[in-house]
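Thanks for coming. I will put the structure up now and go through a few places in it.

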Amino acid sequence: MAEISLTVNGERTAAQVDPRTLLSDFLRDGLGLTGTHVGCEHGYCGACTVLVDGASARSCLMLAIQADARSVETVESLSANGAGLHPIQLAFKDCHGLQCGFCTPGLLMSVVELAATNPACSRDEIREHLSGHLCRCTGYHHIVDAVERALDSATGRADDN
C-alpha cells in the first residue's frame, strides 16, 4: 500500500491505496464520487475526464498515486454544497446538450478547462477541444451550442450579439 495526500474538489484527502489503483477507481470507490463515469477504460471515450492541477486528464489512465500532492476536480465540484447548477451545466440543459448523460461529466470538465484556457474560442476550436469525447446520443451539435452559450455568457459575448 502507498500513502497519498491530495486535494479533491477543494478538500485535502489522505488515503492508503494499492499502487495499481486507478484514479477513477479511487474517486468512485474510495471517495464515493460517482459522477466520474468509466466507459471504455482505455482513455478513448472521455467519460472519466477530471481536472488534475487544472488540466484535463483521463482518470482511467492515471494511477491514484500519480495524483499525490496534486489537486483533482471532479464534476461534483461544479455544483458544490447544493448551490444549484453551474452555468456550464445550465447551458447543457438549456441547449439539449445531453441525452443519456453518460458522457456529460467528462465533457463538462473539459469545458471547465476550455473556459479557463481559451474562453473566446470559435466553434471549430470548441469541436477540436472536445474531439476526444464520444457521445452516442446527441450528434454533438447541441453540445457545441451549449459550450458556445456557456463561454459567451462567461465572457460577456452574449451581450454583444
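Leaving aside neighbours within four places in sequence, which residues is Ser110 in contact with? Keep in mind that this is a predicted model. The residues that Ser110 contacts are Thr49, Ser56, His129, Leu130 and His133, with those close sequence neighbours left out. Ser110 itself lies in helix H3. Its relative accessible area is 3%, so Ser110 is buried.

Now the overall division. The protein is split into domain 1, residues 2-77, and domain 2, residues 83-155. The C-alpha centres of domain 1 and domain 2 are 21 Å apart. Between the two, 19 residues of domain 1 are in contact with 13 residues of domain 2.

Next, the helix packing, which I will take pair by pair.

Start with H2 and H5. Helix H2 is residues 87-94 and helix H5 is residues 141-155. Their axes come within 8 Å and cross at roughly 140 degrees. That makes H2 oblique to H5; the cut-off for roughly antiparallel is over 145 degrees, so a crossing of roughly 140 stays in the oblique class. The crossing of these two helices is right-handed. As for who meets whom, H2 brings Pro87, Ile88, Ala91, Phe92 and Asp94, and H5 brings Ile143, Ala146, Val147, Arg149 and Ala150. By class, that contact of H2 with H5 has eight nonpolar residues, no polar ones and two charged ones. Asp94 on the H2 side and Arg149 on the H5 side are of the charged class.

H2 also packs on H3. Helix H3 is residues 104-117, and the angle between H2 and H3 is about 125 degrees, with the axes 10 Å apart. H2 and H3 are therefore oblique to each other as well. H2 passes H3 in a right-handed crossing. On the H2 side the residues are Ile88, Gln89 and Phe92, and on the H3 side they are Thr104, Leu107, Leu108, Val111 and Val112. Here the residues divide into six nonpolar, two polar and no charged. Ile88 and Phe92 of H2 appear in the contact with H5 and again in the contact with H3.

That leaves H3 and H5. At what angle do the axes of H3 and H5 cross? They cross at roughly 40 degrees, and the axes come within 11 Å. That makes H3 oblique to H5; roughly parallel would need an angle under 35 degrees. H3 passes H5 in a right-handed crossing. The contact is made by Leu107, Val111, Leu114 and Ala115 in H3 with Ile143, Val147 and Leu151 in H5. Its residues are seven nonpolar, with no polar and no charged ones. Leu107 and Val111 of H3 also meet H2, and Ile143 and Val147 of H5 do so too.

While we are on H5, a word on His142, which lies in that helix. Is His142 buried or partly exposed? It is partly exposed, with a relative accessible area of 34%. His142 and Leu98 are 44 residues apart in sequence, yet 7.8 Å apart in space, C-alpha to C-alpha. Not counting residues up to four places away in sequence, His142 touches Cys95, His96 and Gly97.

Two backbone points come next. Tyr140 is in the loop between helix H4, residues 123-129, and H5. Its phi is near 75 degrees, a positive value in a residue other than glycine. Tyr140 is partly exposed, at a relative accessible area of 33%. The other case is Ala69, in the loop between strand E4, 55-58, and strand E5, 71-73. Ala69 has a positive phi of about 65 degrees, and it is not a glycine either. With a relative accessible area of 64%, Ala69 is exposed.

Last, Pro19. Pro19 lies in the loop between strand E2, 11-17, and helix H1, 23-30. A relative accessible area of 37% makes Pro19 partly exposed. Which residues is Pro19 in contact with, leaving aside its neighbours within four places in sequence? They are Met1, Ala2, Leu63 and Ile65. The C-alpha atoms of Pro19 and Glu3 are separated by 9.1 Å, with their positions 16 residues apart along the chain.

That is what I have; questions are welcome.

Notes:
Residues are numbered from 1 along each chain as its sequence is written. This is a predicted model: local features need pLDDT of at least 70, side-chain atom pairs count only at pLDDT 80 or more; totals for chains, interfaces and linings use all residues. Side-chain values use heavy atoms; hydrogens and water are left out. Axes are lines fitted to C-alpha atoms, for helices over the stretch in contact, and angles run from 0 to 180 degrees between N-to-C directions. Helices (H or I, at least four residues) and strands (E, at least two) are DSSP runs, numbered from the N terminus. Angles under 35 degrees count as roughly parallel, over 145 as roughly antiparallel, 65 to 115 as roughly perpendicular and the rest as oblique. A crossing is left-handed if the near helix is turned anticlockwise from the far one by less than a right angle, and right-handed if clockwise. Contact means heavy atoms within 4.5 Å. Buried means under 20% relative accessible area, exposed over 50%, partly exposed in between (1.4 Å probe, protein chains only). Domain bounds come from an automatic or database domain assignment.
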